[in-house]
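Subject: Model handed over, with notes on two domain interfaces

Hello,

Please find the structure below. My notes on it come after.

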Amino acid sequence: MSIVGTRVVRTEDPRLLTAGGSYVEDLRVPELAGAAWATFVRSPIAHARITGVDASAAARAPGVIAVLTAADMDDLGPPPPPPPGGGGEAPVPLGGPWAEPLLAADRVRFVGEPVAVVLTEGRYQGEDAAELVSVDYEPLPAVVGVEAALAGQTLLFPGTGSNVPITAGGQADDAIFDGCDVVVERTIVNQRVAPVPMEARAAAARWADGRLTAWLSTQAAQLGRFVMAGVLGLDPAAVRVITPDVGGGFGAKVGVDRDALVIAWAARRLGRPVRWAETRSENLVAMTHGRGQRQVIKIGGRKDGRILAYRLHVVQDAGAYPRMSGFLPFLTCMMASGPYDIAHVQTAYQVVVTNTTPTGAYRGAGRPEATAAIERAVDLFAAEIGLDPAEVRRTNLVPPDRFPYQTAGGARYDTGDYAAALDQVLSAAGYADLRAEQARRRERGDVVQLGIGLSSYVEITAADAAGGETARLVVHPDGTATVYTGSSAHGQGHHTAWAMLVQDELGIEMAKVTVVHGDTDLIPRGTGTYASRSLQIGGAAVHVAAADVREQARRVAADLLEASEADLELDAERGLWHVRGDPEAAMTWAQVASHASAEGLAASVNYTGGQPTFPFGTHLSVVEVDTQTGKVRVLRHVTVDDAGTIISPVLAEGQRHGGIAQGIAQALLEEVVYDGQGNPVTGTLADYAVITSAELPSFELLAKQTPTTANPLGAKGIGEAGTIGAVPAVQNAVIDALSHRGVRHIDMPLTPARVWAAINGTGVIL
Amino acid sequence: MIPAPFTYRRAATVDEAVTLAARGGEDVKFLAGGHSLLPLMKLRLVVPPELVDIGGIGELSHISEADGHVRVGALATHDQVAGSALLRRELPLLAHAAGRVGDPQVRHRGTIGGSLAHADPAADLPAVALALGATLVTRGPSGTREIAAGDFFTGLFETVLEPGELLAEIRFPKAGPSGWSFQKFTKRGIDWAIVGVAVAGDRVALVNMGPTPLRARAVEDALASGAAPDEAAARAAEGTSAPEDLNGSRAYREHLARVLVGRALGEARSRR
Ligand SMILES: Cc1cc2nc3c(=O)[nH]c(=O)nc-3n(C[C@H](O)[C@H](O)[C@H](O)COP(=O)(O)OP(=O)(O)OC[C@H]3O[C@@H](n4cnc5c(N)ncnc54)[C@H](O)[C@@H]3O)c2cc1C
């Protein structure tokens, strides 16, 4: 029996749960002996001109080695131009007049922006000395929220003439709604949230012989090397990036933040290693935030439930610097029509800058925003025509015989059976019974009402499949194997999955397979872990490498057994080579590898043959709403998340669990809030409410696999499905619980105060 | 997230704590469980030059009975209070409320004395002390004082404690068979109350409805003059001055106070 699809436990866990991980801050390597600690001086003001920096008192404080500011950055060339393809849809900084400095020079644009870095012998000394750095700020009016940005009364980048670096999409044309019986339009908010990885950002750097070694908490070691080399003006070969254990990233650790670049630069400047690990307070203001879209949705169709036209206009809050350019709303618009077959779809977006923390990728990066918009729109439409939202969905889902399905937004959905996913969820949840219970509570006028929310979705994973991923597989003379992967594991379980793939292909037991990642000297080429791409691209690379090694081994074994290659068979159950019909005279991998040529049994692959894939599914949320207080309790969450072939059900369920939890959190609790002056109001985890197990039911995860043909594993990505499906399901459920009282929409997060305000028709109370 | 430098001293007895604090001057702070003080120090919102750690004083974590009273040492942790068989029998409101403070880590470090001395209007136990008519026993340079809970809280994070005065013990009259209820309204299980209500017999106290924990006097008066619980609950916001923050406006909190007092009175009656 193949190991693929079986419930193998994670090989990572024994170490993580006993000895514990080793994160950048934990490193006690000799190269970092005597490292200076870096502490950033960050702007306490959202928008201001810097008129002076006086570091003299700080420089005299105990333990201070140096206080560095932008004025000290005379050894750096101009910032490298954004990579080709930037300036619009690529997930890279816009640059040019919108460029983000490493340390603020004459202007600060958000609370938390680094202005200076204090280098000290000990860490605590840095916090004390940083307080002594006196920066003169001449406050400017702060631009907070997309309305203020669009109004353009104050400009963040005066030279550019506007706060809108990017505008894309066609003119709105209301003719697409001609012939609709019913048209609903609404402005909704997909609020700004914070990624809050367990391990905040951290970096360490050391120079020796003109070469930089940087330890980074990142999702993409090789990309990190590329960025570091570019900014510091180095040949990439002169940079070694090492990623020790990484405690989560959720998209916010894909690139290399300016803070980490400053660490590498400061280490060169000082001639001494430097290390930095931010505090949670810093993390909440200085790591990128996610989401942050204002959406105008307009949907129209017939009274029988058929949707004929849909329009989505997005304003993306980029924060102070367009780090992701137009990428997030671009993806949102590409996926705008979701799993529905809609004749007319129009999208457009604007990207605006505001005096807030820059936004970037966060679990789903643009796709959850698309799903949230269309799933709210479908429910608004269903409510308007008085049909069951499940029925309206079924009427409009792309039928199974239409794949591959080309969308107006430019996506080509590979494989799917969307209605089957919907029906599977409805029947497992007992949809009819739930509706009956809801009707009884309404009839009785219960204080606690029941809501049922649906979300059918399709998303794009491995959107940049063409970028490829590398794998090198070596089978050693002792019969063990090593996989070097360009993918950057940071919690997902790559080591387990990659070893499963090797065992499946070669019959070498998982326990004998070592997986290595995240050291660019060992693995110079690679792409990284994001966009749910790892298994389908990085795993496929391992699979292809293993197939290559198998054919090499076949030749060696044929030689040893004096048979023709065509007659050789690999018993993948036992990991033995033998001649067909003669299983007794078998050779082990150790024997074969020992007889291989000097290069041994090894294959290097850069797998670029994959295509983007389109996982899909349906989430159903059942909530109770206390109509006297506005408090929501999630009772059940039932999902189908079809990600094609599942290699490891344990890992796939883990991804769904975490994603659903984060999705429910966005729907009910989380929001990064600024006051009118751009001061963060949610600067600690007491105010920024991440979810805990106490707020969550056990999830009901249903199994469904529709393999893709886009890669040899048949696998699609599953890392982000949870946040994509869960958010609108929960939001729709809460609104559904109150729909009989005329509530049609409540913006997230659906906190008790907001829900109560909606019940009372008093508008949003904050 | 790293406190400013401070001097740390550790006291083994109440006398030593009082002496060390007196020697250190005005701004010395006692450190009990540290679960209110240390977060503030890490954010540098509080910068005490010196801490006197009272966590090791063995004589202050008792929970015992004496002539119609229950005596709880100031260093009893929330977890000890929640788990005490004596308290669950005699003062179930106190035990239950202590079990709703924060999360398990907080309950294993945080102390009842620290909670009362800190006087956070969003904290649970100060309102419970009011509802139960507790007496706070202190030790300071000028001797021992006994202060009624109703006189103890003077403002936002302010009490009648003098600098260097240690809260040693909290005395509760036994509640008898009167009904009780504790309604804590939060977004998440681990949160501070957006609004909370403690009912013990005919006494009603509110969490987070003003700068200090409050008695809901209008409700108590209405009940005393024979009003039905619902009628009485409608007066729950009278005399309050609730804060406005991310969790809700004043109007929302006033509404919650009415709803929660109504629920609390109902539950308390069912427990008589
Ligand atoms: C994550 C988290 C969640 C929390 N949630 C809640 C909650 O839901 N409800 C709630 O009520 N509380 C909550 N708390 C606060 C918690 O209950 C604290 O433990 C309590 O408020 C303070 O007790 P402590 O022993 O930790 O005091 P410390 O932090 O040590 O001291 C607090 C203050 O009181 C003074 N002090 C302490 N003991 C004495 C004494 N014996 N005499 C004189 N002065 C003294 C100190 O000098 C200091 O000023 C939470 C705390 C955290 C960290």
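The notes below cover the domain contacts in chain B and then in chain A.

This is a predicted model, in which local features need pLDDT of at least 70, side-chain atom pairs count only at pLDDT 80 or more, and totals for chains, interfaces and linings use all residues. Residues are numbered from 1 along each chain as its sequence is written, chains are lettered from A and ligands numbered from 1 in the order in which they are written, and side-chain values use heavy atoms, with hydrogens and water left out.

Chain B

The domain assignment splits chain B into domain 1 (7-53), domain 2 (61-173) and domain 3 (180-270); such bounds come from an automatic or database assignment. Between domain 2 and domain 3 of chain B, the C-alpha centres are 20 Å apart. Their contact (heavy atoms within 4.5 Å) takes 24 residues from domain 2 of chain B and 23 residues from domain 3 of chain B. These two domains bury about 1900 Å² between them, 67% of it on carbon and sulfur atoms. Buried area here is the accessible area (1.4 Å probe) that two parts lose on being put together, summed over both. On the domain 2 side, B:Arg100, B:Pro121 and B:Leu130 supply 28% of the area buried against domain 3 of chain B, more than any other three residues.

The rule finds 1 salt bridge across this interface of domain 2 and domain 3 of chain B, a salt bridge being a side-chain nitrogen of Lys or Arg within 4 Å of a carboxyl oxygen of Asp or Glu. The side chains of B:Lys184 and B:Asp124 form a salt bridge at 2.8 Å, N to O.

Chain A

For chain A the assignment gives domain 1 (13-140 + 201-277), domain 2 (290-462 + 612-760) and domain 3 (465-607). The C-alpha centres of domain 1 and domain 3 of chain A lie 38 Å apart, and the contact takes 16 residues from domain 1 of chain A and 17 residues from domain 3 of chain A. Between them, domain 1 and domain 3 of chain A bury about 1200 Å², with 40% of it on carbon and sulfur atoms. A:Gln219, A:Gln222 and A:Arg240 supply 44% of the area that domain 1 of chain A buries against domain 3 of chain A, more than any other three residues.

Across the interface of domain 1 and domain 3 of chain A there are 3 salt bridges by the rule. A:Arg240 also meets A:Asp521 in a salt bridge through their side chains (3.6 Å, N to O).

Regards
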